[in-house]
Amino acid sequence: MRWSKYYLPTYKEVPKDAEIPSHQLMLRAGMIRMLTSGVYSFLPMGYRVLRRVETIVREEMDRTGAQEVQMPVLHPAELYEETGRLKNFGEILFQLKDRRARLFALGPTHEEVVTDIARAEIKSYRQLPQTLYQIQTKFRDEFRPRFGVMRAREFMMKDAYSFHASDESLHDTYAAMAGAYRRILERLGLEGVQVQAESGAIGGDINEEFIVLADAGESVMFRCASCGYAANDERAVSLGPAMLEKELSAKMENVATPGQHTVDEVSAFFKVSKQRLVKTLLYKSKWRDIAVLVPGDRELNEVKLAKALDDPDVRPMTPEEVEALTGAPVGFAGPVGLKAIIIADELMNAYDGMIVGANAADAHLRGVKMGRDFKPERTAPLSTVVAGDRCASCGKGELQLQRGVEIGHIFKLDVKYSKAMRATFLDQEGQEQPFIMGCYGFGVSRAVAAAIEQHYDERGIRWPKALTPFHAVVTPLNLNDESTVGAMERVYAELKAAGFDVLLDDRDLRPGPKFKDAELIGVPMRVTLGERNLKDGNCEIFYRLDDRTDVVPLADAVASVRRYYEA
């Protein structure tokens, strides 16, 4: 491909609305352009990288025995009503009506559609297991689209779904998919971590994410260096801090705290660590009043709370509801004498005493002891994990916080969808059974951005070998020199004949801008043809990932490129 004819509009300046490196560089390198918020066109070079990802994902899916299909983007709302997800998806679901006023959705994922296919065609255990997958555009009306294709409203995804007659069969496919995802990351040249996760609207308690390590990633995970435990922030649990500063519980004391509402204010007032305080957070759950107790130095994880209550619709009380229940404004709620169901974070078990709200304006209780002064209905892991906490898996190591980009997610769905949709088969005894299911998602367009987040420097992108849009860029320095132009055409033709994708920079520009553009778009090898080297029968090869330059005989240019990609 000749650069002068290639649609590759590059920017020198960083776009002002692009917040993270991958978004900035995909715009600057001419890979994408925004149509509207959260919706992007992939331009020729960006599409090349997207296809590289697709190819590797497709090869690894086929290797597991999964079969590729193409399912509709337009979904009748009746399918989502069968599973209850028309409500669960909420505003993230794009909805529209046809001319007959029938409600439809643009597919955010395809569990209902694929289950509808299976229930119509698979009737016997002899037809199982089956795994179907597709690589297709998905739609989610993100409240705040951001970071380019990282969190977009329209994106490319690989989604696979498996159907089984037994838990053992599902386990085998789940393990095979996990192995496929690890191979995909390895082939893409990405450093990733497999972590325990929460399922969200998809469902299935057993599920894991694959996170590509990146400083600007939205996903937060905790890892133990001692035992290898890894979980995202929604799922992670710990044994709490190595040292706990304890409040004594010799005697409960009511203390006036005028105007002290927040944890920071109250801890400063008492001149103690925030660890000694316990927050009482009030929620409404299935028409019950719930008081949730968490350490003062931690936040409540609402995903864990919804799971503990088995109520996805649990919500915080309004200030008016708080005052009606406690008799005090927000900031002074406490568990002593409170007429509500009390659930305490399991870290409370290590507490002796605590400082809590007194359920009266401008007052707190000090020296409160759980079990003596109030009794929770139960304890559960409810608070967020903090870096440095003791690992709950091995009890020895410290949990380390890392950030990254969630690029894959696999789920054991069990019978969540098949039972709701009456999707059944006949087992060996002739009894009707719901399909046992799994699903496996991989963000194809997100993988492009994740690769950049992990592979860039101040000059631009540094593509891993497997993802580079071109294997080499041929850069002549003087297009007015006949020998240079002749060498350029010869090397360009020889590289193409050898099967390499080559970008020929035939633009009439000075060397500086050419070099900067080549480094910006991140092609791993640049073959530079200058009069000085050509006089000696040589060319210069710059290796972008290694940041080094070799001078080699012109006749060895193709062999040098071949050796690099075969290494």
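Here are some notes on the predicted model above, point by point.

1. **Overall picture.** The protein chain carries 15 helices and 31 strands. Its C-alpha trace spans about 95 × 65 × 50 Å along the principal axes. Of the 567 residues in the chain, 52% are buried. If you look at contacts in the chain with a separation of 6 or more, residues 24 or more positions apart account for 70% of them.

2. **The cores.** The largest nonpolar core holds 64 residues, and Met31, Val53, Ile407, Phe442 and Trp463 are those with the most contacts inside it. Helix 6 (residues 167-188) supplies the largest share of this core, with nine residues. A second core, separate from that one, has 24 residues, among them Met488, Phe500, Tyr543 and Val561.

3. **Val53 as a place to start.** Which residues does Val53 touch, not counting those up to four places away in sequence? They are Leu188, Phe442, Val444, Ala447, Val448 and Leu467. One of these, Phe442, is also listed with Val53 among the residues with the most contacts inside the largest core. Val53 also turns up in both helix pairings described in the next two points, facing helix 11 in one and helix 6 in the other.

4. **Helix 2 against helix 11.** Helix 2 (residues 44-63) packs on helix 11 (residues 444-454) at an angle of about 115°, and their axes are 9 Å apart. Angles of 65 to 115 degrees count as roughly perpendicular, so helix 2 is described as roughly perpendicular to helix 11. The crossing is right-handed. On the helix 2 side, the residues that meet helix 11 are Val49, Leu50, Val53 and Glu54. Their partners in helix 11 are Val444, Ser445, Ala447 and Val448.

5. **Helix 2 against helix 6.** Here the packing angle is about 150°, with the axes 10 Å apart. Because angles over 145 degrees count as roughly antiparallel, helix 2 is taken as roughly antiparallel to helix 6. This crossing, too, is right-handed. Helix 2 contributes Val53, Ile56, Val57, Glu59, Glu60, Met61 and Arg63 to the meeting. From helix 6 come Met177, Ala180, Tyr181, Arg183, Ile184, Arg187 and Leu188. If you are browsing side chains, note that charged residue names such as Glu59 and Arg183 appear in these lists with nonpolar ones such as Ile56 and Ile184.

6. **The surroundings of His75.** His75 sits in strand 4 (residues 74-76). Is His75 buried or exposed? Its relative accessibility is 1%, and under 20% counts as buried, so His75 is buried. Two polar partners are worth a look: a polar atom of the His75 side chain lies 2.8 Å from the backbone oxygen of Pro72, and the side chains of His75 and Tyr80 are joined by a polar contact of 2.7 Å. Leaving aside neighbours within four places in sequence, His75 is in contact with Tyr80, Leu103, Phe104, Ala105, Gly107, Thr109, His110 and Val113.

7. **Ser169 and the cis proline.** Ser169 lies in helix 6 and is buried, because its relative accessible area is 16%, where the limit is under 20%. Apart from residues up to four places away in sequence, Ser169 touches Pro129 and His164. Pro129 deserves a second glance: the peptide bond from Leu128 to Pro129 is cis, with omega near 0°. Pro129 itself lies in the loop between helix 5 (111-121) and strand 7 (130-139). For background, most peptide bonds are trans.

8. **Two positive phi values.** Most residues other than glycine have a negative phi. Phe147 has a positive phi, near 65°, and lies in the loop between strand 7 and strand 8 (154-164). Arg422, also not a glycine, has a positive phi of about 55°. Arg422 lies in the loop between helix 10 (416-420) and strand 22 (424-426). How do they stand in terms of accessibility, and which is buried or exposed? Phe147 counts as buried because its relative accessibility is 10%, whereas Arg422 is exposed because its relative accessible area is 71%.

Methods: Residues are numbered from 1 along each chain as its sequence is written. This is a predicted model: local features need pLDDT of at least 70, side-chain atom pairs count only at pLDDT 80 or more; totals for chains, interfaces and linings use all residues. Side-chain values use heavy atoms; hydrogens and water are left out. Helices (H or I, at least four residues) and strands (E, at least two) are DSSP runs, numbered from the N terminus. Buried means under 20% relative accessible area, exposed over 50%, partly exposed in between (1.4 Å probe, protein chains only). A polar contact is a pair of N or O atoms within 3.5 Å; within protein, one must be able to donate a hydrogen and the other to accept it, and residues adjacent in sequence count only if both atoms are side-chain atoms. Contact means heavy atoms within 4.5 Å. A nonpolar core is a set of buried Ala, Val, Leu, Ile, Met, Phe, Trp, Tyr and Cys residues joined through side-chain atoms within 4.5 Å. Axes are lines fitted to C-alpha atoms, for helices over the stretch in contact, and angles run from 0 to 180 degrees between N-to-C directions. Angles under 35 degrees count as roughly parallel, over 145 as roughly antiparallel, 65 to 115 as roughly perpendicular and the rest as oblique. A crossing is left-handed if the near helix is turned anticlockwise from the far one by less than a right angle, and right-handed if clockwise.
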